[in-house]
Amino acid sequence: MRIDVLTIFPEMFPCWLGSSILKHTIEKGLVDIKVHNIRDYTHDRHHTVDDYPYGGGAGMIFKPEPVFKTVEAVKSTITDERVLPIIMLTPQGRLFTQQVAGELSAHRNMLLICGRYEGVDARVHEHLVTDEISIGDYVLSGGELAAMVVMESVIRLLPGVLGSEDSALEDSHVAGLLEYPQYTRPPEYRGWKVPEVLLSGNHAQIAAWRREQAIRRTLERRPELLEKAKLTTKERELVESLKNR
Ligand code: ADE
């Protein structure tokens, strides 16, 4: 997969790109991330990317020309004919979930635009972007961290990225449940013991225990997720009995 990121703060990316899993993924050629500085596509002496809002009001607005110019320049280097999502990171976008990550991971290319300041000229939203994504109901100063969140969750779904193909399937949210608790050695730490069943070597029992823990944890922390989770009749009964306690 190739991902092009458009930003006025390209210096925010190298540290993240050089970090462990991502670095190996890039070296293996599974993903190619290109960061573009929108300021490089301005033609005035000061490399202006923003201006005052028409009609007045606080803050500055991203001008349309540099954003259109950067997207057009990047698009001209993409030879793949398949659909190219042009995604703006903005608190006004649709909410990013594991499901959206899965949807995006099926594309060959995607282009992410990091908004900044108080907003972006509406013509960019109306005539350039094909999708708008928010990573949550809170406001960041810009879309850069949101773009990294989106990329990281999409990239770990690409085939070959994780050591074991199973590990992505067991993640929280994949099956609509939170993940069960995990333990490693030692079997006892400060008097706190690892649940006996995990040391038993009985795989069926371990799987059943984990499934029940995932359901209990989801009910406790994110009960609204259970409405959509795929549960057996028996598991639904368990949920009801736990609720009535
Ligand atoms: N830019 C600012 N806040 C954001 C958010 N919550 N999600 C995506 N992009 C943003």
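**Exercise 1.** In this predicted model, state what distance separates the centres of domain 1 and domain 2, taken over C-alpha atoms, and give the bounds of each domain.

*Solution.* The separation of the two centres, computed over C-alpha atoms, is 37 Å. As for the bounds, the domain assignment of the protein chain places domain 1 at 2–155 and domain 2 at 172–243.

**Exercise 2.** List the residues around the ligand, divide them by character, and identify which strands each supply at least two of them.

*Solution.* Begin with the list, which consists of Leu89, Thr90, Pro91, Ile133, Ser134, Ile135, Gly136, Tyr138, Val139, Leu140, Gly142 and Ala146. Next, sorting this shell by character gives eight nonpolar residues and four polar ones, while no charged residue takes part. Finally, turn to the strands: strand 5 (86–95) and strand 8 (131–134) each contribute at least two residues to the shell, and the largest share, three residues, belongs to strand 5.

**Exercise 3.** Determine which backbone atoms make polar contacts with the ligand, using a cut-off of 3.5 Å between N or O atoms, and then state how much of the ligand's accessible area the protein covers.

*Solution.* Take the residues in sequence order. For isoleucine 135, a backbone N or O atom lies 3.0 Å from a ligand nitrogen, and for glycine 136 the corresponding distance from a backbone N or O atom to a nitrogen of the ligand is 3.2 Å. For leucine 140, a polar backbone atom is found 3.0 Å from a nitrogen atom of the ligand. As the last step, consider the cover: on its own the ligand has 260 Å² of accessible area, of which the protein covers 97%.

Notes:
Residues are numbered from 1 along each chain as its sequence is written. This is a predicted model: local features need pLDDT of at least 70, side-chain atom pairs count only at pLDDT 80 or more; totals for chains, interfaces and linings use all residues. Side-chain values use heavy atoms; hydrogens and water are left out. A residue is near a molecule or strand if one of its heavy atoms lies within 4 Å of it. A polar contact is a pair of N or O atoms within 3.5 Å; within protein, one must be able to donate a hydrogen and the other to accept it, and residues adjacent in sequence count only if both atoms are side-chain atoms. Accessible areas come from the Shrake-Rupley method with a 1.4 Å probe; for residues, only the protein chains shown count as cover. Helices (H or I, at least four residues) and strands (E, at least two) are DSSP runs, numbered from the N terminus. Ala, Val, Leu, Ile, Met, Phe, Trp, Tyr, Cys and Pro count as nonpolar, Asp, Glu, Lys and Arg as charged, and the others, Gly among them, as polar. Domain bounds come from an automatic or database domain assignment.
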